[in-house]
Amino acid sequence: MNAQQPSLSWEDGAIVTIDQRVLPHATRQLRLRTVDEVIEAVSTLAVRGAPAIGLAGALGVALSALRHRLPGGGVDRAAVREDARRLVAARPTAVNLEWAVRRVLTRLDEGHRAVLDEGLAMLREDAEVNGAMVRRAADLLVGLLPDRPLRLLTHCNTGRLATTAIGTALGVILELAARGRVAEVLVDETRPLLQGARLTAWELREAGVPHRLCVDSAAAAALATGMVDCVLVGADRIAANGDVANKIGTYGIAVAAARHAVPFLVIAPESTRDPDLATGAGIKIEERGAAEVTECAGAPVAPAGTAVFNPAFDVTPAELITAIVSESRVVRPREEPAAVPDAPRLGDA
Ligand code: MRU
């Protein structure tokens with residue numbers, strides 16, 4: 001994969017994507033031709049990041065519609081809907097997956113070609129949405145911190161691997177770097193699957209942006225000692241009141257950022273919003289297998305049989321977030337009261 005290639009595309013009846021499981025040690029292309037292959041790629045994080053899994057899901061429905069064509073131009077709608085249900089179930093936290101699958105299903109009655117066209121339109125939109133969101137957030141930050149090149153901290157991977165274009169939070173960092181406004185990026189390694197170490201450091205190196213990698217538990221110390229001007233992260237699901245689900249560890253960084261008065265920005269497309277969910281308390285958090293924690297790169301790091309707590313995401317309450325920036329707006333949850341003021345707060349019994 002080089003800087004020009006999108007991380008996910010449609011070619012000759014297949015989803016073409018990069019296998020994120022083996023980066024940065026190897027660059028391996030995957031061609032996904034069946035719904036089962038898409039589900040396997042999404043659930044094992046070969047394809048990952050909320051916008052990217054949404055698009056993989058949408059094109060997965062197109063693969064299903066192609067496979068379930070009926071003589072006369074129609075589609076076996078029950079079969080496609082069942083595949084759509086299985087695709088959505090592959091990862092439960094990022095709402096983009098459900099959103100994208102639902103959107104292509106609205107074209108199902110028009111036949112397989114319409115489903116594919118909708119998926120391809122979404123691919124094109126992703127690039128526009130990325131660009132708009134990144135420019136808006138970069139403008140906001142330059143206005144907020146106009147004085148000097150910025151020292152930024154980010155968590156997980158929110159770059160072009162997680163979308164199909166420049167990315168979300170990491171896209172903002174690249175935009176600021178292009179404007180000559182980045183002094184350094186601190187990259188959390190992002191245990192247990194090391195999206196920061198393996199993917200974000202790889203993208204920043206490729207882009208030539210100065211960065212240092214740190215263990216997740218160094219983030220609070222960096223914030224406490226004035227090493228960071230702003231935290232930038234992405235999101236997997238945003239509740240109506242502005243509570244944000246993102247990669248496990250995000251909440252702790254937000255707490256430390258608030259404690260040390262460092263701005264904490266969330267950059268995510270409108271498709272990451274879940275307006276039906278009043279607060280973050282309703283967000284389903286994916287729990288993943290024990291081996292992700294008890295092993296590191298295949299080598300055991302804990303006694304055999306150790307029980308594990310391995311949530312893939314956590315929820316950051318709106319009150320800790322300085323701004324949520326999308327392609328169309330900047331929402332400042334600290335200033336705007338929750339949409340449902342009397343909803344139970346996270347942590348309430
Ligand atoms: O488990 P992952 O790697 O899919 O988690 C990804 C994240 O949490 C990202 O921060 C989020 O999806 C936003 S990506 C633009």
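This passage describes the ligand shell, an annotated site and the unusual backbone geometry of a predicted model.

Around the ligand there are 18 residues, of which Arg48, Ala50, Ala162, Gly234 and Lys247 come nearest. Two elements, α2 (50–67) and β9 (244–247), each give two or more residues to this shell. By residue class, the shell divides into eight nonpolar, seven polar and three charged residues.

An unreviewed UniProt entry places the feature "active site" at Asp236, a residue of the loop between β7 (230–233) and β8 (237–239). Asp236 counts as buried because 29 C-beta neighbours lie inside 10 Å, where 20 or more suffice for that class. When residues up to four places away in sequence are left out, Asp236 touches Ala50, Thr93, Ala94, Ala245, Asn246, Thr272 and Phe313; Ala50 is also among the residues that come nearest to the ligand.

Backbone geometry is notable in two further loops. In the loop between β5 (182–188) and α7 (195–207), which holds Pro192, the peptide bond joining Arg191 and Pro192 is cis, with omega about 0°. Thr190 has its place in the loop between β5 and α7 as well, and shows a positive phi of about 75° although it is not a glycine; with 24 other C-beta atoms within 10 Å, Thr190 is buried. A cis peptide bond also leads from Leu23 to Pro24, with omega near 5°, and Pro24 is found in the loop between β2 (14–18) and β3 (29–32).

Leu45, in the loop between α1 (35–43) and α2, likewise has a positive phi, near 70°, but is partly exposed, with 18 other C-beta atoms within 10 Å.

Terms used
Residues numbered from 1 in each chain as written. Predicted model: local features only at pLDDT ≥ 70, side-chain atom pairs only at ≥ 80, totals over all residues. Near = placed C-beta within 6 Å. Helix = DSSP H or I, 4+ residues; strand = E, 2+ residues; numbered from the N terminus. Nonpolar A, V, L, I, M, F, W, Y, C, P; charged D, E, K, R; others polar. UniProt positions renumbered as here; feature names shortened; annotations may be inferred. Buried ≥ 20, exposed ≤ 12 C-beta atoms within 10 Å, placed from the backbone. Contact = placed C-beta atoms within 7 Å.
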